[in-house]
Amino acid sequence: MMLSKASTGVRIVLLIVGVFVIGANRISCAESAIDLLSGFDRDRIDAAYPPESEEARGELSKLVYRLRTLDPNTLNQLAEPDLEPEIGDVVNVEGIVEKISRLDVPTKLVEYLEFAQLFVIDVSEDVSEQQRSVQQRSVRLISSSPPQGVQVGDRVATAGVVVESTEQAVAVVSHSVRWFPKTYRNLGQQLLSEERFDLGLLPGVAARNRRPLLAEDGNAFYAMLATAAALDGRSDLPAAEPADPVALLRTPQELVGQWVHMELETVQVTRIAVPEIDRQEQLGRDHYFQIDAVGDLGGVVIKIENSDKNIPPATFQSRYPVSLVTAELPTFMREMFRREQGGEAIVAPLRVKFGTDGFFYRLWAYDSDFMSQHGGGPQFGPLLIAARFENLEPTSADPVGVGAIGTAAAIAILCGMAAIWWWQRRAWAADDDARRRRQASESEQVSNQL
C-alpha cells in the first residue's frame, strides 16, 4: 500500500483505487503494535526519536531490542491498509537504498542489548513522473542487523514500528530487513530474489554449515522450499550448474543458494509432517519429502576423521550420501513411493536414478548407522532443495539397446569360434601333410637300406 500527501481531488481518486504514495516508497500501514511491546507506550516511543541525545538513543536501542522478541510474521499480519501511519503502528516498507549510516548504542547498554550500533537506512522507490509531482515524504529504517553486503542501490523491505510520522518524514524501527541486491553473486541468488526470497538469510545459513537443522534454519529453509516449489511451474528456468559433490564438501559456504544440477540414485524417501500452521500456509501443504540418495564421487576418496585418533576414519569411495527435500515428489517417484509404502508408512525404500535441479542449502549433520560403525559422531553431507526432477531410469523393455548389444556380442563370439575352428582345421591339415611326408621319407630310407 502506498501513502502520499496530495491535493483533495487527488486524494479522492487515490482512495477509490486504494493506492497511496509516501515519499518515493511503497508502504502499507497497520494496526498498533504497542500492546506487544512490553514496557513501551506511545509517549515512550515518541521520545525515542529523533535520537539527538544519549537518552533518546538508549530508548531507541531498547525498542529495537524489544522488537527482536517478536515474530516477523506477527508484524506482517498486523500491517493493514490505513491512510496515515501513527506512532506505534506497524508498516510494511519497501524501497531502494539511498544512504546507510550508523548510530552508536550507549556504552552502558551494549552488554545488555548485545549489539553496539544501530543502522539507519534511507530508502526511496522508483516512481512515475505523475507521482513525482506529489509532495513526498522521506522514509528511514532503523535496525540493529541489516543484511550483510547491502549497498546503495539495493532493494530492501521490512515490517516495522513507526517512531515518527510527519508531513516530511516517516521513521520505522525494525529488527530484520529483507534484502534484494541490485547485482547477484550467482544464478541461484537471482532466481531466489525473483521469487521474493530474502537473500539476507543466506549468510546465517552458511554460518550453520555442518550442523543439524536448527530452529534458526526455519525461515530460510521453508522460504527456499516454497521458492523451489514455485519455480517448478516455470518454463523459462535456466540450465543449472553441474554440482561437484567434492566441491560441495570442500567449499560449502561459497555455494550456499547456488542453482545446481546433480544426478543421483535414491535410497529411501520419507514424508515429513509440518505441524506449524504458518509453515503450512507458506508451503501450501502440511508436509514435504526428504529423499536420501547417493551421488558419484568418481575416483575421489573421502575420509571423515574421528575425534578419537585410535579409531580409523570413515571412508567413502565411489559414492557419497546426498539429501534432498522437495515440497512434492515428481510423478514417477510418487507412484513408486506409494507402491513401496505399504499402507500408512511414511518411509519407503526406493531405488531410482534421477537428475535434479535445485538450490544447495548447506552441509548438514545427522546420525547414521555407517558412522556408528566407525566410532560414532555425526555424518555430514550436502542438503539440496529440489525444484525439478528428471527420470533417468530406462523407459523401454530393451534399455539402451541391450538386445542389439547382446546380438552383436553373440555374433562376435560365433565369428571368433569359426575363426578358431578354421585355424585348427588348417593346423590339423598341416600336421597330416607333415606326417605323411615324414612317413614317406622314412619308407624311402628303409627301402634304400634294403
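**Group meeting: pocket, salt bridges and confidence in a predicted model**

Let me begin with a single residue, Asp236, which is exposed, its relative accessible area being 53%. What I am showing is a predicted model, and I will come back to its confidence at the end.

Asp236 forms a salt bridge with Arg234, and the closest N and O atoms of this pair lie 2.9 Å apart. Its partner Arg234 is partly exposed, with a relative accessible area of 23%. The pair does not stand by itself, since Glu194, Glu195, Arg234 and Asp236 are linked in a network of salt bridges. For the model, the count of salt bridges comes to 14, and I would like to take you through two others.

One of them joins the side chains of Glu94 and Arg196, at 3.0 Å from N to O. This pair links distant parts of the chain, for Glu94 belongs to strand S2, residues 90–104, while Arg196 sits in the loop between helix H7 (187–194) and H8, and the two are 102 residues apart. How do the two partners stand in terms of burial, Glu94 and Arg196? Glu94 has a relative accessible area of 11% and is therefore buried, the limit for that being under 20%, whereas Arg196, at 39%, counts as partly exposed.

The other is the salt bridge in which the side chains of Arg388 and Asp357 meet, with 2.7 Å from N to O. Here too the pair links distant parts of the chain, with Arg388 in strand S14 (residues 379–391) and Asp357 in strand S13 (residues 353–366), 31 residues apart. Arg388 counts as partly exposed at 26% relative accessibility, and Asp357 is buried, with a relative accessible area of 8%.

Let me turn now to the pocket. The largest pocket in the model has a volume of about 1300 Å³. Its lining is made up of 43 residues, and those closest to the centre of the pocket are Pro72, Ser176, Asp198, Leu201 and Asn219. Which elements give two or more residues to that lining? They are helix H4 (72–78), strand S5 (155–165), helix H8 (202–207), helix H9 (218–231) and helix H11 (277–283), and it is H9 that gives the most, with 6 residues. As for the character of the lining, its residues divide into 17 nonpolar, 15 polar and 11 charged.

One more residue deserves a moment, namely Thr270, whose place is in strand S9, residues 259–273. Thr270 counts as buried because its relative accessibility, 12%, falls under the 20% limit. If we leave aside its neighbours within four places in sequence, Thr270 is in contact with Tyr288, Phe289, Gln290, Ile346 and Val347.

Finally, the matter of confidence, which I promised to return to. The mean pLDDT of the protein chain is 77, and 72% of its residues reach 70 or more. Over residues 128–135 the pLDDT stays under 50, although the model does have 8 contacts for this stretch beyond four places in sequence. Residues 439–450 also have a pLDDT below 50, and that stretch has 0 contacts in the model beyond near neighbours in sequence. Where pLDDT is low, the predicted coordinates should not be read in detail, and I would ask you to keep that in mind when looking at the structure.

Methods:
Residues numbered from 1 in each chain as written. Predicted model: local features only at pLDDT ≥ 70, side-chain atom pairs only at ≥ 80, totals over all residues. Heavy atoms only, no water. 1 Å grid on protein atoms, 1.4 Å probe; cavity = no way out; pocket = protein on both sides within 12 Å on 5 of 7 lines; lining within 4 Å. Points joined across faces, edges and corners; volume = space filled by probe spheres on them. Helix = DSSP H or I, 4+ residues; strand = E, 2+ residues; numbered from the N terminus. Nonpolar A, V, L, I, M, F, W, Y, C, P; charged D, E, K, R; others polar. Buried < 20%, exposed > 50% of the residue type's maximum accessible area, 1.4 Å probe, protein only. Contact = heavy atoms within 4.5 Å. Salt bridge = Lys/Arg side-chain N within 4 Å of Asp/Glu carboxyl O. pLDDT = per-residue confidence, 0-100.
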